[in-house]
Amino acid sequence: RLCELLDNAGRGWRKLAELAGAEKRFKCSAEELEMCSLKVLEPRGSPTQCLLQLLAERDCTLRYLLGCLERMGHEQACRVLSSAVQDVIRIVVQPESQVVAERTQVSLTCCATGPPGLTYQWFCGKQEVPGATSPELVIDTATPAGQPEWYICRVNCGATFTFSRWAHVQVEKSSSPSSGSGYCPSMAGLQILRQPRPCCLAEGDTLALECAAIGNPPPQYQWFRNRRPVEGAQAPQLQVKLVTTAERGSYSCRVFNLFHEVWSQEVDVEIGEGPRQTTVTPYLLCSQVSHSITTPLSPVLAATDKVALLIGNMHYLHHKQLQAPIVDVHALSALLRQLDFKVVSLLDLRKAEMQMAVDEFLLLLDKGVYAGLLYYAGHGYENFGNSFMVPIDAPSAYTSEHCLCVQWVLREMQQRRTGLNIFLLDMCRKRNLNDDIIPQVGALEVTANIVFGYATCADAEAYELSQGELSNGIFVSFLKRWLLEDEKITVLLDKVAEDMGTLEITRGRQALELRSNLSERRALTDPIRPPRQDESSARNLQWAKAHVLPESRHLCFDCGVTVQLGFAAEFSNIMIIYTRVVAAPKDITKCEARLTDIPEELDVDLKCTNKESPEDLGSPLVPVWSLSCPSCCLYSRICGLQKLRQELAFTVCLQYRYQGMDDFVEERQRVNVGRPLIAKLNLQ
């Protein structure tokens with residue numbers, strides 16, 4: 001359309017070239033102008049098209065082009081370009097409403113895509129925030145009373161603009177910083193500001209409980225009654241109208257984000273009148289005593305703690321590569337965390353690393369721990385009744401010497417006096433013809449608390465199910481449907497087996513096998529009762545070590561550029577590092593920050609570093625962790641953190657270019673982030 005308007009007009013392409021040439025790097029030589037003019041001799045040639053191509057090659061922005069057309073006084077061309085610019089400005093990260101503690105700082109982010117040269121302006125109510133012209137707005141909550149708490153961002157390209165949605169910043173007094181979870185807020189990354197309060201109501205009243213928290217990423221909520229999830233109660237406020245005695249009970253709120261969780265205090269809600277005073281006759285009292293002696297009530301089982309180790313091996317050095325473990329381990333991690341399990345999830349372990357991971361897992365299994373769960377997905381085999389998990393570095397003709405024996409792990413778990421030992425083995429159980437050794441793992445105790453869930457029968461294979469770009473193991477595809485059910489674990493696995501039997505493609509080839517000597521009704525959903533401090537402190541510390549990400553930080557370079565360095569986690573041994581330029585002088589037209597010099601012992605694929613889009617990292621879990629990351633970043637995926645022999649150090653390389661210059665300038669900063677996630681346990 002611009003070509004039609006400018007090719008043959010008096011205020012045409014030559015005038016545009018003249019005005020654009022006011023900036024030296026956009027000035028066209030006489031030869032280039034002649035080349036443009038000769039385009040009229042071609043059947044579909046356009047001088048304007050040729051000129052625009054020259055300007056584009058020199059990084060001319062649409063904003064600058066629009067300014068040239070405005071100085072030409074060509075209103076029709078301005079309308080055409082303004083309309084095009086408006087169509088392509090799109091806000092991809094909206095500012096989020098937040099609840100924050102007083103006298104702290106809060107950050108709002110608005111990121112947009114569109115033509116080069118986008119500018120930002122933040123507003124507080126209807127007033128511009130002075131100097132707030134970057135995608136990120138940092139607000140000091142120690143503000144005078146009465147100042148508006150609603151914020152919005154305008155994104156401009158020339159005279160064209162669009163607005164973000166409104167974000168509400170609510171400042172709370174931190175009356176009770178304790179979360180009641182046993183973790184300090186700085187470690188958990190979440191802090192509860194307002195705890196729910198107990199109440200006594202009459203039938204027909206409205207129940208209103210509130211739990212306000214802050215965190216980064218923003219917190220999510222799930223309310224519980226009598227330690228069971230309340231359906232649909234996933235907001236900071238829980239409101240139930242026209243209550244009856246059915247709503248009586250103990251309420252608490254689970255506050256969580258992608259990486260952390262804390263619990264509110266548990267409060268009692270009484271509905272109706274207090275307990276009636278009744279007179280008990282001596283005869284009735286004797287009957288009750290007699291009944292209590294002859295038929296004792298079944299005990300209500302409560303867990304002091306529930307811990308799980310999930311291992312998925314995919315990228316074997318000498319054997320077929322697998323696809324499903326990454327998806328299966330992540331799916332089970334999310335579900336088990338909903339059931340209050342402490343979860344350590346690891347991918348692609350060598351023999352020594354598997355051994356050390358199990359040793360650390362056993363440290364979590366103090367006496368009194370209710371349930372210990374081990375899930376393994378990868379290659380495996382079974383000889384003489386013993387099951388073996390195959391590490392990724394196993395040789396082509398591996399034997400039990402190169403693998404980890406499940407029965408050995410069970411014996412070690414029994415010595416820890418765990419209340420319930422669960423093994424979910426998502427692997428083949430074919431005979432290994434290279435191995436004729438019967439390992440001596442020692443005698444197992446008779447404990448009546450062991451459950452084995454095998455993905456397939458003895459001497460059979462376990463299969464993956466491809467669904468588009470993702471793959472699931474058959475076992476987990478059905479297990480995740482039932483895992484949250486309040487059923488005895490053996491009953492739950494029976495239902496999984498029945499479901500698996502309905503799948504035509506694996507009928508006669510794969511069927512779940514359940515082995516158990518469990519004598520009590522124990523379920524994964526059994527509630528946790530708070531342990532004594534001396535029981536839980538060591539376990540909590542050991543578990544927390546494997547889940548602490550480095551703190552986000554800002555790097556200031558000599559040229560005046562500020563780069564944000566942020567972190568996210570896929571698994572306990574896989575971390576995402578992203579870099580983002582948050583501030584730059586006006587005379588710098590282009591800059592980006594890249595990671596280099598990453599330790600060689602880590603599994604770093606150069607194809608998965610410094611990518612402009614999270615999707616380019618090649619991980620099927622991008623939609624999960626990328627929600628908490630800002631846009632306009634460069635992303636790198638760091639695997640195999642268990643291999644770190646020392647603290648993780650790397651270089652941030654900043655490349656930038658000044659206005660009017662063609663060459664890039666480079667600055668470097670060395671960064672040390674300590675031992676992140678599982679590296680803190682020093683598995684080497």
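A quick definition first: a crossing of two helices is right-handed if the near helix is turned clockwise from the far one by less than a right angle. Keep in mind that this is a predicted model.

Q: Which hand does the crossing of α2 and α3 have?
A: Take helix α2, residues 13–20, and helix α3, residues 30–37. For the pair, the turn from far helix to near helix goes clockwise, so the hand follows from the definition. The crossing of α2 and α3 is right-handed.

Q: How is α2 oriented relative to α3, roughly parallel or roughly antiparallel?
A: Their axes come within 11 Å and cross at roughly 155°. Angles over 145 degrees count as roughly antiparallel. That makes α2, relative to α3, roughly antiparallel.

Q: Which residues of α3 does α2 meet?
A: By class, the contact of α2 with α3 has 4 nonpolar, 1 polar and 1 charged residues. On the α2 side sit Trp13, Arg14 and Ala17. Across from them, the α3 residues are Leu33, Cys36 and Ser37.

Q: How many residues of strand β21 are buried?
A: Strand β21 covers residues 306–312. Lys306, Ala308, Leu310 and Gly312 point one way, while Val307, Leu309 and Ile311 point the other way, and all are buried. The count for β21 is 7 of 7.

Q: What is the bridge partner of Val307 in β22?
A: β21 runs parallel to β23 (residues 371–377), joined by 7 bridges, and there Lys306 stands opposite Ala371. β21 also runs parallel to β22 (residues 342–347), with 6 bridges. In β22, Val307 pairs with Lys342.

Definitions and conventions:
Residues numbered from 1 in each chain as written. Predicted model: local features only at pLDDT ≥ 70, side-chain atom pairs only at ≥ 80, totals over all residues. Heavy atoms only, no water. Axes fitted to C-alpha atoms, helices over the stretch in contact; angles between N-to-C directions. Helix = DSSP H or I, 4+ residues; strand = E, 2+ residues; numbered from the N terminus. Parallel < 35°, antiparallel > 145°, perpendicular 65-115°, else oblique. Contact = heavy atoms within 4.5 Å. Nonpolar A, V, L, I, M, F, W, Y, C, P; charged D, E, K, R; others polar. Buried < 20%, exposed > 50% of the residue type's maximum accessible area, 1.4 Å probe, protein only. Pairing = 2+ DSSP bridges.
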